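Colleague: I'd like a close look at one small part of this model, and then at whatever you think surrounds it. Start with one residue and work outwards, please.

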Amino acid sequence: MDCQEIKKLIPAYLDKELGPQESQQVREHLSGCPGCQKEREAFEESWAMLGELDEVCPEPGFVGRFWTRLALERSWQERVSEAVKNGLFNKRLVPALAMACIVVIVGSFTLNNYLRIQNTNQMLASLSQEDLAMVENIELAENLEFIEEMGFLEDLDIIENLDVLET
Amino acid sequence: MFFFTLQDKSNPYLSDSDVRLMLEFQEGNKASFETLMRKYFPRLVNFIYRYVNSREAAEDLTQEVFLRVYKSGSSYKPQSKFQTWVFTIARNLSLNELRRNKYKTVSLDATFSSDDGELKRQVEDPNSASPDDEVLLREKAAAVKAAIDDLPENQRVAVLLRRYEQFSYEEIARTMNVSSKAVKSLLSRARESLKNKLSGWFKVVS
């Protein structure tokens, strides 16, 4: 290798980034070539000079400003999705969430049943004495079609199947 | 997924402690993310500052880097050392910023501002006698900065990563998405250029 080729390899040689063979060639050349040795020193000196460049010190509170910026940039969808990821899919919460689901389902059935009973009681309470007497005398009724036309009877549990009365 | 990845012995990057912190963050540990941020933000601010020549942009872009890291947490897969990945993001964002704003590079005889006011570059005659070594040192630093700024963009990145971040050629290649051979050539030309521009300052002040 001539001096021009060696000169191109000196930076990588100084960085120890040459293979063993190239490295050996450069080393041998440098040991016998004062001109390339001078080049090598100039490379080293200019590289060392780069250390003169001042470092900038980031403004205090960088991390705090980052979290604020993140909070401002995150859309509500991201927040919900993160809450779901961190909350609903957290294995430790699975038993608690399962129990909560059971409570909600059983509770909704119980509430529904309670409201139906309440409705029936309210309807019975709203019936006039005349209507009640009519209900009591249902067995005596001769005209079942007439009974079927009485709308309020449809809501009464007492008469579950009007067909029975026909027999 | 975390355990699967950890058990994947074929992935060489799992030996990188920063990659492991990132995987911990992926599992929901925000403290790991903050550890990474505290470790890297001073380096990134300096790297970006030297790259785009704007302190304000440097802080802003560094925050942007960590926003990208944070947002890609759920899909993160270790395919390089963490520092290579994070500096790749920083380089790409800085490049976009340079293209958008076309920051002017500084000429060697232009005036420049320092914390203590405005100084005049004296690169033309570095050996001119000055009673004040401190001023001379500042001028030397300004010459260094100007010499770096005058490098073509890809040479400048390679120099910044090698000189100030001690990246290997392989890491620089990954960060810049080029071959190691290309990095060797970039650094060779860059160092030749730096040597020529700074040789007038050798032995001036040490």
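How many C-beta neighbours does B:Asn53 have inside 10 Å?

Modeller: B:Asn53 has 17 C-beta neighbours inside 10 Å, so it counts as partly exposed. For the cut-offs, a residue is buried with 20 or more other C-beta atoms within 10 Å of its own, exposed with 12 or fewer, and partly exposed in between, with the C-beta atoms placed from the backbone.

Before going on, keep in mind that this is a predicted model: local features need pLDDT of at least 70 and side-chain atom pairs count only at pLDDT 80 or more, while totals for chains, interfaces and linings use all residues. Residues are numbered from 1 along each chain as its sequence is written, and chains are lettered from A and ligands numbered from 1 in the order in which they are written.

Back to your residue. B:Asn53 lies in the loop between H3 and H4 of chain B, where helices (H or I, at least four residues) and strands (E, at least two) are DSSP runs numbered from the N terminus. What makes B:Asn53 worth a look is its phi, near 65 degrees, a positive value in a residue other than glycine. B:Gln166 also has a positive phi, of about 55 degrees, without being a glycine. B:Gln166 belongs to the loop between H7 and H8 of chain B and is exposed, with 9 other C-beta atoms within 10 Å.

Now follow the chain out of that loop. H4(B) spans residues 55-71 and packs on H5(B), residues 82-101, at an angle of about 130 degrees with the axes 9 Å apart. Axes here are lines fitted to C-alpha atoms, for helices over the stretch in contact, and angles run from 0 to 180 degrees between N-to-C directions. The two helices are therefore oblique to each other; under 35 degrees would count as roughly parallel, over 145 as roughly antiparallel, 65 to 115 as roughly perpendicular, and the rest is oblique. The crossing of H4(B) and H5(B) is right-handed, that is, the near helix is turned clockwise from the far one by less than a right angle, anticlockwise being left-handed.

Residues on the H4(B) side of that packing are B:Ala57, B:Leu61, B:Glu64, B:Val65, B:Arg68 and B:Val69, and H5(B) answers with B:Val86, B:Ile89, B:Ala90, B:Leu93, B:Ser94 and B:Glu97. Contact here means C-beta atoms, placed from the backbone, within 7 Å. Sorted by class, this helix pair brings 8 nonpolar, 1 polar and 3 charged residues together. Ala, Val, Leu, Ile, Met, Phe, Trp, Tyr, Cys and Pro count as nonpolar, Asp, Glu, Lys and Arg as charged, and the others, Gly among them, as polar.

The loop after H4 is where B:Tyr76 sits, before H5 begins. B:Tyr76 is partly exposed, with 16 other C-beta atoms within 10 Å. Beyond its neighbours within four places in sequence, B:Tyr76 touches B:Met22 and B:Gln26, and its C-alpha is 9.7 Å from that of B:Val19, 57 residues away along the chain.

On the inside, the largest nonpolar core has 53 residues, and B:Ile48, B:Val65, B:Val86, B:Ala90, B:Val144 and B:Ala158 touch the most other members. Such a core is a set of buried Ala, Val, Leu, Ile, Met, Phe, Trp, Tyr and Cys residues joined through C-beta atoms within 7 Å. H3(B) gives this core its largest share, 10 residues. In soluble globular proteins, nonpolar side chains tend to be buried together.

B:Val144 turns up again where H6(B) meets H9(B): B:Ala143, B:Val144 and B:Ala147 touch B:Leu194, B:Lys197 and B:Leu198. Those axes come within 10 Å and cross at roughly 145 degrees, again right-handed.

Finally, the partner chain. Chain B puts 32 residues into its contact with chain A, which puts in 26. H3(B) provides the largest share of chain B's side, 8 residues. That side of chain B has 17 nonpolar, 5 polar and 10 charged residues. As for the chains overall, chain B has 9 helices and 2 strands, with 37% of its 206 residues buried; chain A has 9 helices and 0 strands, with 10% of its 167 residues buried.

Definitions and conventions. Contact = placed C-beta atoms within 7 Å.
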